[in-house]
Amino acid sequence: MNYNEISIQKHKESKGKMEIKSKFPLETKDDLSIGYTPGVAAVCKLIAENPEAVYTHSIKANTIAVVSDGSAVLGLGNIGPEASLPVMEGKSILFKEFGNVDAFPICLDTQDTEEIIKAVKLIAPALGGINLEDISAPRCFEIEERLKQELKIPVFHDDQHGTAVVVLAGILNALKIVDKNLENIKIIMNGAGAGAMAVTNILMRAGAQGKNVIMFDSRDSLYEGREGMNEYKAKMASQTNPEKIQGLENALRGADVFIGLSVADVLKPEWVEGMSDKPIVFAMANPNPEISYDTAQQTKIAVFGTGRSDYPNQINNVLAFPGIFRGVLDARAPQITEEMKLAAAHAIASLITEEELQQGTVIPKATDKRVGSIVAEAVKKCV
């Protein structure tokens with residue numbers, strides 16, 4: 001099946017993937033008077049007198065914005081706000097399908113950090129939450145942190161934290177298969193963008209030791225004192241790779257886990273042979289992973305995952321973000337906390353049975369409708 005051609009055809013036929021439907025009937029004069037004037041004025045007065053009523057008498061309680069500036073869209077790069085719209089529409093329907101969260105795409109015609117922050121703050125009164133999407137690093141870090149500080153509704157950058165939650169869930173189960181502990185393993189992170197930073201941080205919060213973690217950007221490994229690092233890389237360098245090991249091949253010697261959020265074919269099969277026994281590899285570059293599925297099958301890799309739906313163990317953010325937002329919206333939580341992210345990861349991991357583990361499956365399928373509610377319940381318990 002040619003997904004590209006079919007997708008273009010379907011998007012043209014339907015003029016996008018979303019529509020707005022009314023919850024109120026509008027067939028009679030009374031219907032109009034209840035749904036609009038004069039009846040709606042009473043609802044406005046109620047909210048003006050009691051601002052909390054906006055959560056019980058409007059769409060705010062279940063509505064979020066999927067906000068992007070089009071600067072880091074999929075593997076396409078900086079393609080701009082209009083070209084990013086189909087992705088943001090897609091994200092919005094995933095929220096609805098897997099979390100029953102009403103989401104709307106907001107594609108901003110600016111890549112200025114201050115303008116993005118201002119725009120999101122200005123539209124926030126109508127929203128119960130903000131999902132930041134496909135905004136390039138390092139701007140995405142400041143945008144998220146500032147909005148978390150300045151808004152009273154949850155803000156979530158899915159490229160960072162959704163990725164991190166699902167990777168952690170997969171790693172927790174993969175370690176059961178290979179009989180290793182997170183506290184003792186050596187981890188190589190190839191990539192130093194938003195997702196890679198968040199994955200590394202959540203792994204360390206879950207128990208991985210920074211002294212056993214080595215992160216690579218396009219130049220080489222991160223280590224304290226290296227030149228050419230932004231403030232976020234410098235902070236990561238201060239927490240990891242104390243021996244200042246350089247070179248990916250060298251770093252992989254004795255490594256238990258390789259996580260790739262980078263580019264295709266960077267992991268050579270002969271380098272895998274230098275890793276520890278029963279290594280775990282999550283090669284998540286899209287559309288082509290850091291080592292191909294066929295090549296990986298010919299190595300000693302014990303557990304293999306990618307970002308692709310046509311291979312086993314797809315590491316897909318849809319397992320995390322709908323349930324996380326469902327949980328925080330239901331609980332009226334003002335923020336998505338680190339505790340919630342860890343709880344979400346453990347909830348996702350818990351859905352894999354012992355039999356599935358024995359077969360090498362470490363993560364639920366992206367279309368598993370059980371996940372959203374399980375994650376939501378785990379998140380609500382953290383409030």
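Accessible areas come from the Shrake-Rupley method with a 1.4 Å probe; for residues, only the protein chains shown count as cover.

**View 1. Surface and burial of the predicted chain.** This is a predicted model, in which local features need pLDDT of at least 70, side-chain atom pairs count only at pLDDT 80 or more, and totals for chains, interfaces and linings use all residues. Numbering starts from 1 along each chain as its sequence is written, and side-chain values use heavy atoms, with hydrogens and water left out. The chain exposes about 18700 Å². Carbon and sulfur atoms supply 52% of that area. Of the 383 residues, 51% count as buried (under 20% relative accessible area, 1.4 Å probe, protein chains only).

**View 2. Fold and dimensions of the chain.** The chain has 17 helices and nine strands (DSSP runs: H or I, at least four residues; E, at least two; numbered from the N terminus). Its C-alpha atoms fill a box of roughly 75 × 45 × 40 Å along the principal axes. Contacts (heavy atoms within 4.5 Å) were taken between residues at least 6 apart in sequence; 67% of them join residues at least 24 apart.

**View 3. The second largest pocket.** A pocket is an open set of points on a 1 Å grid over the protein atoms alone, where a 1.4 Å probe fits, with protein on both sides within 12 Å along at least five of seven lines; lining residues have an atom within 4 Å of a point. This one is lined by 32 residues. Ile20, Lys21, Lys23, Ile59 and Asp102 lie nearest its centre.

**View 4. Elements around the second largest pocket.** Helices H2 (29-35), H3 (39-49) and H5 (81-99) each supply at least two lining residues. Strands E1 (63-68) and E2 (102-107) each do so too.

Terms used. Buried < 20%, exposed > 50% of the residue type's maximum accessible area, 1.4 Å probe, protein only.
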